[in-house]
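Visitor: I should like to learn how to read the contacts between parts of a protein model. Could you guide me through them?

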Amino acid sequence: MQSWLREGTGITRYDGHNDGLVLSQAMAEGEVDFENAWQLQATVYYYHDGDTRLGLTEAALTYQPLTAGWKHRVRVGAFYPNFSFENPKAGWQSPYTYSFSAINSWVAEELRTIGTEWQITRPGRQYNSNHTFSLVSSVFVANDGAGTLLAWRGWALHNRQTLLGERVAFADYPSISGPLELQPNWVKPFLETDDRIGYYIGGHWRHRRNTELRLYRYDNRGDPLQVDSQGQYAWDTKFWSLSLKHLFTREWRVLAQWMDGSTAMGDSAAVAVDFNAWYLLTSYKYHKHRFSLRYDNFETVDTDNNRYDVNDSHGHAWTLAWRYQPHKYIEMGIEYLYATSWNANRTTPDQPGADAGFDWPQRGSREQWQLVISGVY
Amino acid sequence: MCFAVLGCSVQAERFSVTVLSPEGNPVEHAVAALVPLDKSLIPEVSTSTPAVMDQIDRQFSPYVLAIQAGEWVNFPNSDSIKHHVYSFSEAKSFQLRLYKDKPPEPLAFEKPGVVALGCNIHDWMIGYIYVAESPWFGISDTSGEITIEAPQGEYQLHVWHPLMKPADLAREQNVTVATSSQLAWTLQEALHSLTHDHLTDEFDEY
């Protein structure tokens with residue numbers, strides 16, 4: 001199946017069009033420390049695919065004053081929320097697999113905090129305790145498109161982060177050229193459509209250095225009735241996210257995340273979908289080798305009454321990666337990804353009432369091998 | 001024995017302290033320091049080489065460093081990420097941004113006392129510099145034992161550990177250093193139950 005990036009219904013970044021050698025991505029991260037407690041950070045990406053090739057994924061100021069007890073960190077700008085543990089590397093990369101989990105693939109493409117976030121931490125060790133707690137709160141704007149891709153394409157697995165201001169394509173589903181004619185088959189996820197401020201609030205708990213949990217509630221408080229002149233709706237998207245990281249030893253760890261939420265747009269919720277996904281990842285480091293295995297399970301449930309736009313979907317995926325860093329400037333690795341999904345809105349000509357122009361089997365599986373060579377500077 | 005040509009004046013005796021928990025288990029990372037009752041006997045700092053408090057795997061290394069007041073300490077950064085080390089302690093208040101391969105100038109620690117170190121980026125990082133009044137101190141190993149070479153005389157013995165509770169922090173004892181002497185120092189209260197472990201995550205916030 002062709003990738004959604006090329007207006008197909010597939011859920012992986014690469015398809016038959018990309019077999020062979022590609023420059024997957026190039027990233028540069030800049031950081032400036034000011035004399036006071038402020039820091040400026042920006043990340044630029046180049047991609048060979050998608051709507052825009054070169055652009056920023058994050059640009060933010062961080063304020064982290066020196067305090068004797070409780071710690072404060074304020075971020076202002078455009079940046080990723082810290083919902084999960086999968087993407088701790090520079091440029092929001094994952095050290096585990098090249099393709100992110102379904103949850104974080106979606107975060108990469110449709111979520112960004114464009115606003116401010118304040119984190120208060122009670123560092124356990126300062127208080128002779130093994131428990132460290134943080135409270136995170138954020139208000140943001142310009143995330144009204146979040147939910148669009150989940151509603152039609154469903155969950156996907158990839159590492160294509162949406163650049164700030166970029167638009168993301170997806171298949172021209174029959175309902176989009178039909179009953180939902182205002183809606184084009186692309187989304188600008190980082191757009192302010194309804195002039196309403198969204199928020200998220202989260203709690204982190206860490207036990208010693210081994211175990212950490214993060215619970216978040218996100219709500220962009222979208223007004224589903226608002227739509228701009230380009231057909232970009234404000235999607236009312238809200239979800240819970242719960243993440244876990246546990247280190248058994250220095251070498252061996254597990255990560256897990258669960259997300260459950262809903263999105264809706266249009267008059268009397270013309271398009272409404274509940275979504276949920278989870279993954280379990282384990283990773284083992286042996287000298288300069290890292291082996292990671294992840295299982296993803298994901299689902300969307302159509303909750304509107306629009307029978308011309310049925311968006312139920314479900315699927316699962318296995319991702320296995322070996323990464324090896326023989327030198328500090330070079331990393332190489334192999335990733336195998338198997339993803340299978342069933343989406344109600346994929347239609348074939350033989351389905352009753354289907355448009356002859358679409359040829360998308362509802363159930364599709366894909367195996368994707370990647371041999372990756374990265375230069376690190 | 002003393003040879004005039006070597007310039008030594010006083011014979012050093014071996015003074016050993018074993019620090020034990022209330023249950024009798026050895027306590028690691030405890031500092032024992034001897035302060036002569038006659039403080040005029042305290043010699044000037046003799047070393048010009050700075051001591052080292054490194055950052056390795058997002059931890060201070062060593063966890064506890066002991067120096068004599070007047071000594072210098074270097075703060076290298078062996079990690080590939082940056083640290084922002086600080087102290088609000090009365091004995092020495094400072095902050096240092098530590099970048100990879102850019103070691104800052106060493107810092108002087110003139111005032112005796114305990115300097116608690118933190119990192120503003122990695123909140124779990126905690127380390128201590130015990131600034132002793134005299135050159136006669138030591139840090140316990142896993143057996144809880146500290147051996148100090150000190151001249152004969154009357155001293156006040158201080159025993160300190162980062163996780164000690166107030167009753168033990170207030171304790172001090174006068175001791176006589178004569179020929180080889182051994183002392184067991186049993187804590188009155190259990191240490192705070194904080195675990196000092198070296199399990200670190202290379203992917204924590206950088």
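Visitor: How much area is buried between domain 1 of chain B and domain 2 of chain B?
Guide: The size of an interface is often given as the accessible area lost when the parts come together. Buried area here is that loss, found with a 1.4 Å probe and summed over both parts. Between domain 1 of chain B and domain 2 of chain B it is about 1100 Å², with carbon and sulfur atoms giving 78%. The model is predicted: local features need pLDDT of at least 70, side-chain atom pairs count only at pLDDT 80 or more, and totals for chains, interfaces and linings use all residues. Residues are numbered from 1 along each chain as its sequence is written, chains are lettered from A and ligands numbered from 1 in the order in which they are written, and side-chain values use heavy atoms, with hydrogens and water left out.

Visitor: Which residue classes form the side of domain 1 of chain B that touches domain 2 of chain B?
Guide: Ala, Val, Leu, Ile, Met, Phe, Trp, Tyr, Cys and Pro count as nonpolar, Asp, Glu, Lys and Arg as charged, and the others, Gly among them, as polar. On that side there are 9 nonpolar residues, 3 polar and no charged.

Visitor: How many salt bridges cross the interface of domain 1 of chain B and domain 2 of chain B?
Guide: A salt bridge places a side-chain nitrogen of Lys or Arg within 4 Å of a carboxyl oxygen of Asp or Glu. The rule finds 0 across this interface.

Visitor: What area do chain A and chain B bury between them?
Guide: About 3300 Å² is buried between chain A and chain B, and carbon and sulfur atoms give 42% of it. A:Leu66, A:Arg125 and A:Arg209 supply 29% of the area that chain A buries against chain B, more than any other three residues.

Visitor: How many residues of each chain are in contact?
Guide: Contact means heavy atoms within 4.5 Å. By this rule 40 residues of chain A touch 33 residues of chain B.

Visitor: How many salt bridges are counted between chain A and chain B?
Guide: The count is 4. A:Glu31 and B:Lys82 meet through their side chains in a salt bridge, at 2.9 Å from N to O.

Visitor: Which classes make up the side of chain A that touches chain B?
Guide: That side of chain A has 16 charged, 13 polar and 11 nonpolar residues.

How values were computed: Buried area = accessible area lost by both parts, 1.4 Å probe.
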